[in-house]
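Here are a few exercises to work through with the model open in your viewer. Try each task before you read the solution.

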Amino acid sequence: MQTSDFTNAWPRRDFLKISAATLLGLALTPLPAMAGPFTREDFEKLVPPDKKLSAEWIKSLFARGEPEVLHGRELKFIGMPVGGIGAGQIYLGGDGRLWHWDIFNQLMSTGADHYAHPITPCSPLEQSFSLKIGNRTVSLDRDGFSNIRFRGEYPIGVVEYADTTEPIEVKLEAFSPFIPLNSDDSSLPATILQYTLHNVSTAPVTATLSGTLENGVCLNHRDRAGQIRNRTIRREGLTTLLCSAEESLPSGRQNILFEDWNQAPHRPWKAEGASNQVNSNPSSPRETLTARGVAAKKLISPDFTIERNFILFWLAGGKGRKGSSPTFSLVVNGNSVPMASIQDANQMHLEYIDVRPYEGGQAHIEIMDDGTGSPDDVGAGKIIFADQKPDDGPMEKLPDYGTICLGLLGEPADEASPDATASFPQKLLGSLGRRLSLAPGESATVTFILAWHFPNLSLEKLGFVGRHYSVRFSSADAVACYMADNFSRLEQQTKSWRKTWYDSTLPYWFLDRSFLNASTLATSTSYRFANGRYYGWEGVCCCPGTCDHVYHYAHACARLFPDLEQHNREHVDFGLALKPDGEIRFRGEFNQIPAVDGQAGTILRALREHQMSADMDFLKRTWPKIKLAMKWLIAKDANGDGLIESNQHNTLDTDWFGKVAWLSGLYLASLAAAAQMGDEAGDSSFAVECRQILDVGRKNLVDQLFDREYFINRVDSKHLDAINSGTGCEIDQVFGQSWAFQVGLPRIFPEKPTRSALQSIWRYNFTPDVGPYRLQNKPGRWYAMPGEAGLLMCTFPRSDWNFVQASGIGKSGWAAGYFNECMNGFEYQVAGHMIWEGMVMEGLAITRAVHDRYHASHRNPWNEIECGDHYARSMASYGVYLAACGFEYHGPKGHIGFAPRLTPEDFKCAFTAAEGWGSYSQRIENEKFRSVVSMRWGRLKLKTIALQHAVASSAHISLGEKSLGAVLNKIHDKILLTLDHPVILSAGQHLEIALT
């Protein structure tokens, strides 16, 4: 493997020599589908020579290139998710170490600042792999090897280790099973770590490859009584190190009452200094403090020996005080250990100190009051020495209670730790090892499995929701056993998908970027609840409720695991979130209002989910509620002119008013989707109603909102206090048409004004350096830094409307900062739309800008950030891929189609359908067209096939040795082939088509 010549080429290298001002003023001619190698003559036609746009960089957009291999400083931020869908988050680092470890149900909040300040590898527990050669142990990470190279091809990360001083080179392939359309086997709480050792020396080598794992069960609750246990379990084909935790057996020791303050005042405690009252209070712990006490800055207890696990004490005081908080401190063997701060409230509360590490030590307690300014006192209640905390509750209910295990496939482990236990809070490590003898030039593979099982997931407002994997498996050991029993299939199918995806003519960088955001499904943005529901934050622990106005941009999950999206449409959007009048609460249980764009997008998603079904069942079950949701939107269009004018809450987090091009455009697209579903569901009268409004609205959209160059909004004069982009050039202005392409609908926006709008977005919103613009337009978060390229959300090139007017004068003005930002999901939406419309260079340039911003030399390529890590909207990148393929599909109708936008003369890509996946290829030579549909997994039902070839008049179709009859029809620039009889392609079969 070698590093691509064009990696991170722009703007940090010298391939693009153009100023922001030049490019902002540049209107480029759209690039047609590339019919051959990109030449300088093509470039000169596209861009006049005086514009100085680098031909080399343009070439890099289209070049197949080489797989990008990362090394050196580029390894620092890498964190590729390698767990199952909705099963927690665990990263593969650039040097092969596992980090992050968000598998313990702790809800780790994230934020926008991770873009400017990327997180770096850290781990809450010890885990490592190492190689023992002779008497030397070499860690498999940057500390052990000097030459490490990383290649990420999601779902598989490849790490290569070499060192001139070592006789063995190692290759790691790490992944969790990822098999499109098989959501259950792709949701396993497990990571496979497959090491291949190669003897590069001239002598035999004996080595032991070992994995070490710390028992992480109850890792965040070690301040209670309990113990952890490690056991080694040997079975045929699998050895596991199983880590668990359990309650400690009762010690039988009685609690010791150290102080109840019933003696004469505070004796034999010593009082020092003058301060506010330090008060004794033997009364009820919830009573307000009394006035009893003495004036002291510090109370010092008599000495005592630590002979129980915990010190329990009641404290209160300091309400309204100024200055530092009073503290309760423990001094052990002469060393002060600050342990607790008293709440700034005048109510007693229970605190505790875990003193197990100090057992047998000589200690005393100090209660200090350093505050000033208020007469409120500090109170101390009973102090008790005990072996248990009173608020522990059952260990089995803790969020991080469960099991974790390290498994070793094959013959019984050659080395394994003995069974062991340790009391909280001690650390307990275990290991498994495989000994190998390698002749010169010989290789061998060792496979480990890391599995976890922490079922106690709870969320605010929802309560206990559990983990989907806990329904299938009783422990991490059971997960490992399932993996071992099915390993050959899981490994082969995962690697088959990777091969299918990358066995393509599309550029490597493009294949990387358009697919890697599917990894969001394997982060803590995404959950699979015990009841099967897929649930997502907007970003990790940021904005709850699988927000429909964010998720309708994202296409990855619906195309890769359609059952998850179908379940959500049926049971969430058209289930618990649907009100009787058809309004969809855009955050489900977490809010009470709809979003116009999310509502329209959900109707469009319903069509997509129907198309990704094998039959009509999904549509039959959901149509009445889809229709109800559509009626709600129609009611928002009060005068039936196809343009909504009343309050329109949307993904920019406020209500907009007036005629808004992008929101009404989505409304019109949803009408077209509802009309098509109405036809298929047998509800022709409603389909006619939708199309009548659509026809009127399409005309009004252009007549009233297309203004010379692009689509604008007509601001409601009664709501000038509300945010509105007005006549600004807004990024989503033709989003409805972008959605229409994704689901094969007829045009919503007419072609000419749509292309003009996209050219304006390119002209006014795209810049190779956001710095100059952002420094002049300060509000907004930074998701593209100075020196980085991006597509701005909204610019104001006209003199009749500006940012200040767009901000409004009301409470919603804060949201206008969004206009100045570059947000990945929106950029992908526009990039895909441009490619659909033939503006291929522009669409690739925008996608490449995001790709370069997330180059590993600057931040984690697998963590696209908006208001939180792994932001869900970035899964819109898969839609850019579909645009490049010109993909169309309708499962119940048995229809598939391709219209490649890049190198149609020699093209190959992967595709997914309702019941299977495979690859499509085509070649055009001397006006002869040859294409092949190859199935790699599952099956594909076919009745019609759409291809883009203008001159064909006859077709020959074969499935294996059998010729298939078909009717050929020309529809615009496409050929539609209708088979005489439907066929089903199974894995391993190829449908071949020849057009002449």
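**Exercise 1: a buried partner and its mate**

Is Glu-247 buried, partly exposed or exposed, going by its relative accessible area? Then work out what Glu-247 pairs with.

Solution. Keep in mind that this is a predicted model.

- Step 1: Glu-247 has a relative accessible area of 30%. Buried means under 20% and exposed means over 50%, so Glu-247 comes out as partly exposed.
- Step 2: look for a partner. Glu-247 makes a salt bridge with Arg-224, with 3.2 Å between the closest N and O atoms.
- Step 3: check the other end. Arg-224 has a relative accessibility of 3%, so this residue counts as buried.

**Exercise 2: two more long-range pairs**

Find out which residue forms a salt bridge with Asp-387, and which one does so with Arg-513. For each pair, place both ends along the chain.

Solution.

- Step 1: Asp-387 bridges to Arg-253, the closest N and O atoms being 2.8 Å apart.
- Step 2: Asp-387 sits in the loop between strand 25 (378-386) and strand 26 (403-409), while Arg-253 sits in the loop between strand 13 and strand 14, so the bridge ties together parts 134 residues apart in sequence.
- Step 3: now the accessibility. Asp-387, at 6%, counts as buried, whereas Arg-253, at 37%, counts as partly exposed.
- Step 4: on to the second pair. Arg-513 meets Glu-864 in a salt bridge of 2.7 Å, N to O.
- Step 5: Arg-513 belongs to helix 7 (residues 508-516) and Glu-864 to the loop between helix 20 (840-853) and helix 21 (877-885), so this bridge ties together parts 351 residues apart in sequence.
- Step 6: here Arg-513 and Glu-864 are both buried.

**Exercise 3: from pairs to a network**

How many salt bridges does the structure hold? Which residues do shared partners join into one network?

Solution.

- Step 1: the total for the structure is 53 salt bridges.
- Step 2: follow the shared partners, and Glu-565, Arg-569, Asp-573, Arg-605, Arg-608 and Glu-609 end up in one network.

**Exercise 4: strand 7 and its neighbours**

Work out which strands pair with strand 7 and how they run. Is strand 7 mostly covered or uncovered?

Solution.

- Step 1: strand 7 (residues 147-153) has five of its seven residues buried, so mostly covered is the verdict.
- Step 2: strand 1 (residues 70-71) runs antiparallel to strand 7, and two bridges join them. Leu-70 faces Phe-150 of strand 7 there.
- Step 3: strand 8 (residues 156-162) is also antiparallel to strand 7, with seven bridges between them. Asn-147 has Ala-162 in strand 8 as its bridge partner.
- Step 4: trace the chain from strand 7 to strand 8, and you find a hairpin that connects them through two residues.

**Exercise 5: the largest pocket**

What is the volume of the largest pocket, and which element gives the most to its lining?

Solution.

- Step 1: the largest pocket has a volume of about 1000 Å³.
- Step 2: 38 residues line this pocket, and the closest to its centre are Phe-741, Gly-744, Leu-745, Glu-888 and Lys-974.
- Step 3: several elements give two or more residues to the lining, among them helix 19 (824-836) and strand 53 (974-986). Helix 15 gives the most, with four residues.
- Step 4: sort the lining by class, and you get 17 nonpolar, 12 polar and nine charged residues.

Methods
Residues are numbered from 1 along each chain as its sequence is written. This is a predicted model: local features need pLDDT of at least 70, side-chain atom pairs count only at pLDDT 80 or more; totals for chains, interfaces and linings use all residues. Side-chain values use heavy atoms; hydrogens and water are left out. On a 1 Å grid over the protein atoms alone, a cavity is a set of points where a 1.4 Å probe fits but cannot get out, and a pocket is an open set with protein on both sides within 12 Å along at least five of seven lines; lining residues have an atom within 4 Å of a point. Grid points are joined across faces, edges and corners, and a volume is the space filled by probe spheres set on the points. Ala, Val, Leu, Ile, Met, Phe, Trp, Tyr, Cys and Pro count as nonpolar, Asp, Glu, Lys and Arg as charged, and the others, Gly among them, as polar. Buried means under 20% relative accessible area, exposed over 50%, partly exposed in between (1.4 Å probe, protein chains only). Two strands pair if DSSP finds at least two bridges between them. A salt bridge is a side-chain nitrogen of Lys or Arg within 4 Å of a carboxyl oxygen of Asp or Glu.
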